[in-house]
Amino acid sequence: MTTTTSTWLALIVSLPTNSATARMRIWRTLKGLGCCALRDGAYLLPDQNSLRRQLDELAAETIREGGSAWLLTVQADTEEQGRLYQALFGRSEDYAVFSKALFAARQEFTTATPADLNRSLRKLRRDYEAIRAIDYFPDETSASTEAAWLDFVSAVETVLSPGEPQAVDGAIALLDRAKYQARTWATRRHLWVDRAASAWLIKRFIDPQAHFLWLESPADCPADALGFDFDLATFTHVGDRVTFEVLRASFGLDNDKGLMGLGAMVHALDVGGSFVPEAAGFEAMLGGVRQRVADDDQLMQEIGAVLDSLYLHFAGESQPARGKIKEIT
C-alpha cells in the first residue's frame with residue numbers, strides 16, 4: 001500500500017477530571033471523525049482542510065471547558081513512516097462488521113415486510129455511509145464492500161418495487177398545467193413511496209380531475225395515458241431527482257416550501273439521501289396501510305390525508321391548505 005499523504009494533523013487535548021460530560025462529548029466527536037488514538041489525549045488524522053477546521057473547533061471547545069489543546073502539523077520523515085501512519089486508518093474491521101450485518105439482513109428478505117426492509121435499508125445505509133466518511137484510504141476491502149452494498153440495495157429495490165425505474169439524463173422542461181387537465185395517469189400497482197406521493201401531487205396540485213390506472217405491468221399502459229414512475233414513462237426519474245421531484249419541477253412547483261419538504265422525504269425513502277425525521281413515520285404508516293388494504297384507490301384515500309397533513313407541516317402554519325383529496329378514481 002503506498003502513502004497518499006505525508007502531512008498529518010495531531011490534536012493533543014487535556015481536560016480537567018471534573019469535566020466528564022465535556023470529555024465524553026469531545027471523545028465521541030473524535031471517534032466520529034475517525035481519529036487514530038496514538039495514546040490517551042493524542043489523536044491523529046490526515047491533513048485535510050475540512051478535518052483541520054473540525055479539530056480547530058474541538059481545540060477551542062476544550063479550552064472553553066478549562067482544558068488545554070494543541071493542534072500540530074506532523075510531517076512523515078520517510079515514506080515508510082507515512083505508510084505506518086496510513087496503516088493506522090485501515091477500516092477492514094469496520095467493514096467486516098458491516099458485511100456481517102448485510103449478510104444477516106439478506107437472510108430476512110423472504111419474511112420481512114416492506115416497512116421492515118426499508119428500516120433495515122436505512123440503518124445499513126447510515127452505517128455504510130458512516131464508515132465511508134472516515135475511510136480516508138480506500139483499498140480492496142472498500143471496493144468489495146461497496147459492491148456488496150450496491151447489490152444489497154438493488155435486491156431490496158427489486159423486492160419492494162419490481163420495475164423500479166432507472167434514472168435518465170436530461171433537462172426537465174417546464175410544462176403548461178392547463179394542457180394536463182382531466183387526463184388519465186398510470187403507474188405500477190401496489191403503490192409505494194414515490195408512486196403514492198406522485199399520485200397525491202398530481203391530484204392535489206396538477207390535475208384535480210385526474211383519473212388513475214394502477215398497472216400490473218408498465219407494458220399495460222395505454223398509449224393515451226400519462227405514465228409515471230416506470231422506465232420510458234412520461235414522468236420518471238431524471239438525474240438525481242425521483243419522480244415526485246420531476247413532477248414538481250415540470251409544473252413549476254419547486255418554490256412551494258411544503259412540496260420541497262415532501263420531496264426531500266420522498267427522495268430519502270426512495271433512493272436515500274439526507275436524513276429527514278418525518279420519513280420513518282410516513283413509511284411506517286404507508287407500510288401499515290399497504291398491509292391492511294389491497295386496493296390502491298383505498299390506499300390513496302388513506303395515505304392522501306397523511307400527505308395533506310405532512311404538506312402543512314412542511315409548509316408551516318402560515319400557509320393554508322389548498323383543499324384535500326376527496327376521491328381518486
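How many nonpolar, polar and charged residues does the lining of the second largest cavity have? I took up this question in a predicted model, and I record the answer under the second entry below.

**Entry 1: overall form**

I began with the protein chain as a whole. I counted eleven helices and seven strands in the protein chain. I noted that the C-alpha trace spans about 70 × 45 × 40 Å along its principal axes. Of the 329 residues in the chain, 46% are buried.

**Entry 2: the second largest cavity**

I searched the whole structure for cavities of 30 Å³ or more and found two. I then turned to the second largest cavity, for which I noted a volume of about 40 Å³. I listed its lining as Asn118, Leu121, Arg122, Arg125, Ala268, Leu269, Gly272 and Glu283. By class, I recorded three nonpolar, two polar and three charged residues in this lining.

I also asked which elements each supply at least two residues of that lining. They are α5 (114–133) and α9 (257–271). Helix α5 gives the most, with four residues.

**Entry 3: the largest pocket**

I next looked up the largest pocket, which has a volume of about 310 Å³. I found 14 residues in its lining, and those closest to the pocket centre are Lys31, Gly32, Gly34, Arg91 and Ile134. Two or more lining residues come from each of α1 (20–32) and α5. I recorded α1 as the source of the largest share, four residues. By class, this lining divides into eight nonpolar, two polar and four charged residues.

I note that α5 appears in both entries, since it contributes to the lining of the second largest cavity and to that of the largest pocket.

**Entry 4: a nonpolar surface patch**

I located a nonpolar patch on the surface, formed by Ile12, Trp70 and Leu72. Together these residues have about 280 Å² of accessible area. I placed Ile12 in strand β1 (residues 7–14). Ile12 counts as partly exposed because its relative accessible area is 30%.

**Entry 5: salt bridges**

My count of salt bridges came to 18. As a general matter, side chains of opposite charge can pair when their charged atoms come close. I examined several of the pairs individually.

I found the side chains of Arg52 and Asp47 meeting in a salt bridge at 3.1 Å, N to O. Arg52 is partly exposed, with a relative accessible area of 26%, and for Asp47, also partly exposed, I recorded 26%.

I then looked up Arg106 and Asp151, whose closest N and O atoms are 3.0 Å apart in a salt bridge. This pair links distant parts of the chain, with Arg106 in helix α4 (residues 92–107) and Asp151 in helix α6 (residues 140–160), 45 residues apart. Arg106 is partly exposed at a relative accessible area of 33%, and Asp151 counts as partly exposed at 41%.

Is Arg248, the partner of Asp254 in a salt bridge, buried or exposed? I found Arg248 buried, with a relative accessible area of 4%, a value under the 20% limit for that class. Asp254 is partly exposed, with 24%. The closest N and O atoms of Asp254 and Arg248 are 2.6 Å apart. I closed the entry with a network in which salt bridges that share partners join Arg25, Glu61 and Glu65.

Methods: Residues are numbered from 1 along each chain as its sequence is written. This is a predicted model: local features need pLDDT of at least 70, side-chain atom pairs count only at pLDDT 80 or more; totals for chains, interfaces and linings use all residues. Side-chain values use heavy atoms; hydrogens and water are left out. On a 1 Å grid over the protein atoms alone, a cavity is a set of points where a 1.4 Å probe fits but cannot get out, and a pocket is an open set with protein on both sides within 12 Å along at least five of seven lines; lining residues have an atom within 4 Å of a point. Grid points are joined across faces, edges and corners, and a volume is the space filled by probe spheres set on the points. Ala, Val, Leu, Ile, Met, Phe, Trp, Tyr, Cys and Pro count as nonpolar, Asp, Glu, Lys and Arg as charged, and the others, Gly among them, as polar. Patches are made of residues with over 30% relative accessible area and no salt bridge: like charges are joined within 9 Å, nonpolar side chains (Val, Leu, Ile, Met, Phe, Trp, Tyr) within 5 Å. Accessible areas come from the Shrake-Rupley method with a 1.4 Å probe; for residues, only the protein chains shown count as cover. A salt bridge is a side-chain nitrogen of Lys or Arg within 4 Å of a carboxyl oxygen of Asp or Glu. Buried means under 20% relative accessible area, exposed over 50%, partly exposed in between (1.4 Å probe, protein chains only).
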